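Trainee: I am new to this structure and would like a close look at one part of it. Could you take me to the place where the two domains meet, and then show me what surrounds it?

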Amino acid sequence: MYIGVGNGSPWTRVIRSPGGGDNLFLSSIVALDADTGEMNWYYQTTPGDNWDYTAVQDMALAELEIEGEPRKVLLQAPKNGFFYVLDRSDGELLAANPYATVTWATHVDLETGRPVENPDLDYSEKGKWVLPGPLGAHNWQAMSVDEAAGLVYIPAQDNPLFFEMASEWKETGVYKHKPKGWNTGLEFGRLAQVILDNIAEQPTPKGYLKAFDPLTGEDQWVVEIPHYWNGGVLGTEGGLVFQGNALGMFTAYDKATGEVLWEFNTYTSMLAPPITFELDGVQYVSVLTGTGGGDLFGGEPLPPVAEHASLTYSNEGRLLVFKVGGEAALPAPTVRDRSIPKRDLKDIDTVSIARGEIAYNENCAVCHGFLVRSGGAIADLRRVNDETLAIWDQIVIDGLYSAAGMAGFGDVLTRDQSGDVMNYVLARAEEDRLVAAGEKELPQMTWMTGGD
Ligand code: HEC
């Protein structure tokens, strides 16, 4: 039985494990005897993980020819950006090639089996852009293995994060564990400010569909997608690769060349892997539409990342089934109303807004989006109406909407803090309303400096 193991918390190893060490078995692939539960072997992809590089992504068992010998292997593309080929009987490392842009390490040393970290990107003193970011170069979205061709079709991405140690830690040398909340050890409260301050050096976020040779690290072909959070992949014996992407396109590619053979606009972003099946002699291909997960935080993308379909239209969860010659059509898509109501903010205190920004980023951003710009899967708080504002604390503190997935934060935030968050949300809303009207440019965020 093979298990992929997640990351540690806090993510930052100087806080989590000041004594050093590899922190077994974080970010590892572990083989257990299915009868006894005893460990047969392990392979740690990211010793002393410092970046949230889980190794929980899908694993595939295959037989590949290596130096003329057929070998039974285990294949995984964990978040850290290296594609691992292991002998699945004993865990021997056979290959570890980068399958996306990797900057945290220069390579994996095949002798020691360990990654060689890039000292230039040590962020313990000074913040740095690092690739991959915490969403990984590959995440839950299924890859597809083609044993005959010796290729893997991977939904990969370059999605960097500016890693900056928590200011609390930098200022005091102490990091207090929050029993209910995120404990990353990174600066989350001021993350928007930190990212916007460093946006000029940001490596461009984007997605790829790759036909990748795990033994040589070469790409047979690459399709670039201007948004990074795309769907799982299905490869078929008949020579096709199917993927639904963030832009709403469900596409069949030629497995040999990556050429687009067919595409269908679903008007909804996709994460799920397509499947294919035969029923009464007819072959079908099917996919679930709808997005969410890690991209919630990313929210409405900043250029040059393309806007995804679930934001432009709506995040419509549908099961779509196709056959050759099928004639059903989707209802015409409706474009979302994303206008922001105008509000009078004269009386809002900028100090409260600044406090609210930190509380928002630490508690709300992960679902409602970076800069309060929802990615379309969960309510856009810039657009809340007056009725909702009137019951803000009932929702945010008391849990009025908990049945809809919005838990109350009464055990984490005071009513004053909830009010600060509301002020921050309204201030961001007003700023974006002015940006949309062409009266202001992002990034501004003047309350941070106590300006207007
Ligand atoms: C785990 C994800 C998650 C987190 C974290 C979260 N929310 Fe929500 N929120 C939701 C969901 C789900 C809904 C209800 C469904 C919807 O409206 O999209 C919602 C709805 C709301 C609404 C109602 C919006 C409306 O127009 O009806 C408000 C207000 C709100 N959230 C505020 C907050 C605040 C403030 C925080 C941080 C303290 C927060 N949420 C944190 C998931 C989350």
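Mentor: Here is a walk through the domain contact, followed by some spots elsewhere in the chain.

Please keep in mind that this is a predicted model. The domain assignment of the protein gives domain 1 as residues 2-322 and domain 2 as residues 350-449. Between the C-alpha centres of domain 1 and domain 2 there are 30 Å. Where the two touch, domain 1 contributes 23 residues and domain 2 contributes 22 residues.

How much area do domain 1 and domain 2 bury between them? The value is about 2000 Å², and 65% of it falls on carbon and sulfur atoms. On the side of domain 1, the residues that lose the most area to domain 2 are Leu296, Phe297 and Glu300, which together make up 28% of what that side buries.

Now for the polar part of the contact. The count between domain 1 and domain 2 is 3 salt bridges. Elsewhere on the tally, 7 residue pairs are in polar contact across the interface of domain 1 and domain 2, with both residues of each pair at pLDDT 80 or more. Three helices, α3 (191-197), α4 (295-298) and α5 (309-312), each supply at least two residues of the side of domain 1 that touches domain 2. Helix α3 gives the largest share of that side, with 5 residues. Sorted by class, the side of domain 1 that touches domain 2 holds 10 nonpolar, 9 polar and 4 charged residues.

One salt bridge to find by eye is the pair of lysine 180 and aspartate 411, whose side chains meet at 3.2 Å, N to O. Then look at isoleucine 397, in the loop between α9 (392-396) and α10 (415-436). Isoleucine 397 counts as buried because its relative accessibility is 10%, and the cut-off for buried is under 20%. Leaving aside residues up to four places away in sequence, isoleucine 397 touches Trp392, Gly408, Phe409, Gly410, Leu413, Thr414, Arg415 and Ser418. Tyrosine 42 makes a useful second landmark: its C-alpha atom and that of isoleucine 397 are separated by 44 Å, and the two residues are 355 apart along the chain.

Helix α10 also holds a charged pair. Arginine 428 and glutamate 431 both lie in helix α10, 3 residues apart, about one turn of the helix. They form a salt bridge in which the closest N and O atoms are 2.9 Å apart, and both residues are buried. Arginine 428 and glutamate 431 also belong to a network of salt bridges that links Glu300, Glu307, Arg338, Arg373, Asp380, Arg382, Arg428, Glu431 and Asp432. You have met Glu300 already, among the residues of domain 1 that lose the most area to domain 2.

Across the whole structure, a search finds 26 salt bridges. One of them joins the side chains of lysine 79 and aspartate 52, at 3.1 Å, N to O. Lysine 79 sits in the loop between β5 (69-76) and β6 (82-87), while aspartate 52 is in the loop between β3 (39-44) and β4 (59-66), so this pair links distant parts of the chain, 27 residues apart. Both lysine 79 and aspartate 52 are buried. Another salt bridge is formed by arginine 383 and aspartate 337, at 3.3 Å, N to O. Here arginine 383 is partly exposed, with 31% relative accessibility, and aspartate 337 is partly exposed as well, with 48%.

Finally, a few backbone details are worth finding. A cis peptide bond joins proline 303 and proline 304, with omega of about 10°, and proline 304 is in the loop between α4 and α5. Leucine 131 and proline 132 are also joined by a cis peptide bond, with omega of about -10°; proline 132 is in the loop between β10 (128-130) and β11 (144-146). In the loop between α1 (13-16) and β2 (28-32) you will find asparagine 23, which has a positive phi of about 55° although it is not a glycine. Serine 27 is in the loop between α1 and β2 too, and its phi is positive at about 50°, again without being a glycine. Asparagine 23 is buried with a relative accessible area of 19%, and serine 27 is buried at 0% relative accessibility.

Key. Residues numbered from 1 in each chain as written. Predicted model: local features only at pLDDT ≥ 70, side-chain atom pairs only at ≥ 80, totals over all residues. Heavy atoms only, no water. Domains from an automatic or database assignment. Contact = heavy atoms within 4.5 Å. Buried area = accessible area lost by both parts, 1.4 Å probe. Salt bridge = Lys/Arg side-chain N within 4 Å of Asp/Glu carboxyl O. Polar contact = N/O pair within 3.5 Å; in protein donor to acceptor, adjacent residues only side chain to side chain. Helix = DSSP H or I, 4+ residues; strand = E, 2+ residues; numbered from the N terminus. Nonpolar A, V, L, I, M, F, W, Y, C, P; charged D, E, K, R; others polar. Buried < 20%, exposed > 50% of the residue type's maximum accessible area, 1.4 Å probe, protein only.
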